[in-house]
Amino acid sequence: MEPETPFLTRLAALDYSVLQQCMHCGMCLPTCPTYVETGRERNSPRGRIALMRAIADGEMTTTREFGEEMYYCLGCLACTTACPAGVNYPVLFEAARAEVERAQVLSNPKRDAIRWFTLRFLFLRPRLLRFAGRMLWLWQASGAQTLARRLKLTRLLPANLERLEPQTPVMRRHFSDALIKSIEKPASGAPRYRVLVLTGCVQDLAFSDVNRATVDVLLENGCEVITPRAQSCCGSLHAHNGDEASAQVLARRQLDAVDLSQLDAIISNAGGCGSHLRQYDHLLHDDPQYAARAREWSKKLKDIHEWLVEIGFRKPATAPDSLRASSTSAGTSCTVTYHESCHLCHGQKVSRQPREILKSLPGVELKECAEANWCCGSAGVYNITQPETAAWLQTRKVGHVQATGASWVATANPGCHLQLENGLKAAAPSGASTTQVVHPIVLLAEAYAAERSAALR
Amino acid sequence: MLPSSFLTELQSAAPSLTVLTAREDILPYGFDGTATLKGAAGAVVFPKNATDVASILRLSRAHRVPVVTRGSGTGLSGGSVPVPGCIVLCLVDMNRILEIDTKNLTLTAEPGVITQRIFDAADAVGLFYPPDPGSMKISTIGGNVAENAGGLRGLKYGVTRNYVMGLEVVLPDGSVAHLGNKCVKDVAGYNLRDLFIGSEGTLGVVTKVLLKLLPKPAARQTLLATYASMDAAAETVSAIIAEKIIPCTLEFLDQRTLRCVEAFAKVGLPTEAEALLLIETDGHPAAVADEALRIEAICARHQALAVRRAATAEEAVRLATARRSAFSALARLRPTTILEDATVPRSELAAMIRFINTVAQKHRVEVATFGHFGDGNLHPTFLTDERNHEEMHRVEAAMREIFDYALSLGGTITGEHGVGLAKKNFLHQQLGDSSFALLKTIKKALDPDGLMNPGKIFDLAENATTPSSAHAHGA
């Protein structure tokens, strides 16, 4: 019995075969963090798909409970790696969240205001976002933040903000545009490739050093690097949070800013962004003006590790400086473990390449940690929206990292980076962790740099 | 709908019990791993121990509420699909390994323990739990016992039944029975333990399992042989058995299956081959080396295109894991994937394979075949679309012919998945009048109210209700 619906829900409007692709065999269950946490089917991929299908079939309406379930899902996509049937979960997940927003089942004034401010205001305006980052930097660099923390002024914040305040990422003094020229060419020889580097938004403000390192390793490997100024957000935040319209606006903006025919590759160095950036072909597939360009974009979009391995990157001859410093004595190697960003390994299926890069570093021993491809709980804004599950995953992850005894944990996504850093800090008795977090590309860039300075000596 | 006072009484009888009733919570318990079968429970309850289970069963009996027991819901015959007005008794929270007895080589576990964990726990102390159903990473041991699950190692090591030494069972009246013990020999009374293995939740609820373990084989070797024809692969299997070699695993994949598995697992399977055999031998290193050589020679004699050895233990595990994904990987091709497990005596394998292909052509349906060739257990898998009614009718016609033919060869309608809902219309034909009547006599003696997973395996009454099916597929 189908209830009368005046319009199609977002799920009913989907290609039904995507929903049908799930044959509910259950292979996804053991890899789904939320199912492992609760042991309840509704918190599993196949359970969520069953709920989506019930809505698409008109057996169920879009309820508040459904909305909460869709936001309880991490969107880590571990299920897509486990799924032999090849269910396109990202498409289902984004359509389901868009449906939740369309039906406004979670709507309340506070949530609506936050969503408007972040999705529709701040993250649609690249210059405003950087201005906010600059203000935050001033607050931190002037000592005001330390003072406020010491005076316990943070207690004046609402409870959930007070909890989140210590996790505020540290802003960089220089953002990417100040560190990277819009066109840079390899120091010697004619460039073998011409590539474009995407600087991201959080990455740009809090990890602009990663962007600089990305450009450095590309130059070192014969790539001419183009880095457009004041880049927009890629829209992953919007797409993952049910705001497809804004995601499309941002995707079009990215496409307008580049001449794809002049590029061999578009390079992303953040797992979460890259995973979404690859989906532009799907996101704009029924936009006659942009569909063709979006397809070309998706084809050329490469994760930095993937690209370097593809072009046969040069293995450095010297150990990176920061690792040499943390080796106990000369000649011994430094242990590094690798945490896989979900959207890098599950979203982009790039898993082998970052390890290859780490293993190429002289003086580095890569020691695998348990559940390396499990979510750390950062998951976009999940650590803000679902603090309990995020904290459980963070503790689990930190435990596995510490069990390796590694002095460094490498990871290639800003969200994971912050989550690991905060988790390791909290787990260290003195509040200062002995395990440091680093992007693999930063280590590679350091190794190349160490090589050059050794040659000068 | 559940009787109004049932849930309140349940909560007071077992206050710590988790009971789910919200639509969003219980809808995902409406199915298992079987295609096209769907039902709706009135509530899903999560007992913590046998006492909880006993309270639930007593109360269900008082209120005439049917009970459908399930673990992870990976069954392949609809055994745990809810029936109207039932509660689903989900045992996943009873998930402790209670004991590993290295003196008697046994392991005691609650029913909700994942099969893989049992294997790992045994492995950690140098022991071996052989049954390895395709879903072992998530299936529960309780479900394995209820369905008498098989697996890739069935050829040499048998199925779940061969490893169950004892069971604790809550009977439909709420009493708790202990069946079996740690003795290797025990002939006291009827073997009631075996009655519950494979009873698909229709006689009682298993709340504890005592398992037999084996010493871990010291060596193993995995071989891959490719063929230009299915017949040549089938003949190789017959020849291996005829030469009195019993490998641990002797798996077959046809080209369709091979390509889907490779698309998912990317383990370097030769997708150009028409057929592939995955063979594993295990045991004493010298025996393994000898068997591997002899198997290679037999493959070569039977027109194998190539025979390759897994280079490392990791590669062997990757290959076996890839094979376990075959059924789900086939879902890449069409919207609905209906898996059967008709099984024939091994000498009839080649005939059965030929027949499946003929029937598929005759009814114009897509079938991919893989399975445990060594034990005659085939998995012809229909690739179809449940929304195409006309095609579904052709699938059903083809399926019926396959069952009829398997039975005519002295085979069975199900080798390892159970009857459940999917195959109950064919059971009478296989068993004949008196055995079929005997099943009902036993059911009535143990479950006189007919509340334990009613309508599964067989219908007690002619007008019994069954869950809805998008299609009359087997139901």
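Which strands of chain A does helix α13 lie across? The views below take this up, along with the domains of chain B. This is a predicted model, in which local features need pLDDT of at least 70, side-chain atom pairs count only at pLDDT 80 or more, and totals for chains, interfaces and linings use all residues. Residues are numbered from 1 along each chain as its sequence is written, while chains are lettered from A and ligands numbered from 1 in the order in which they are written.

**View 1. Helix α13 of chain A lies across β1, β2, β3 and β4.** The helix spans residues 208-220. It runs at about 150 degrees to β3(A). Axes are lines fitted to C-alpha atoms, for helices over the stretch in contact, and angles run from 0 to 180 degrees between N-to-C directions. Helices (H or I, at least four residues) and strands (E, at least two) are DSSP runs, numbered from the N terminus.

**View 2. Five strands of chain A form an open sheet with mixed pairing.** The order is β1-β3-β2-β4-β5. Strands β1 (183-184) and β5 (301-303) are the edges, each pairing on one side only. Pairing takes at least two DSSP bridges between two strands. β2 (193-197) and β3 (223-226) of chain A run parallel over four bridges. Here A:Y193 stands opposite A:C223.

**View 3. Domain 1 (219-325) of chain B meets domain 2 (333-408).** The bounds come from an automatic or database domain assignment. Contact joins 17 residues of domain 1 to 13 of domain 2 (C-beta atoms, placed from the backbone, within 7 Å). On the domain 1 side, α8(B) gives the most, with seven residues.

How values were computed. Contact = placed C-beta atoms within 7 Å.
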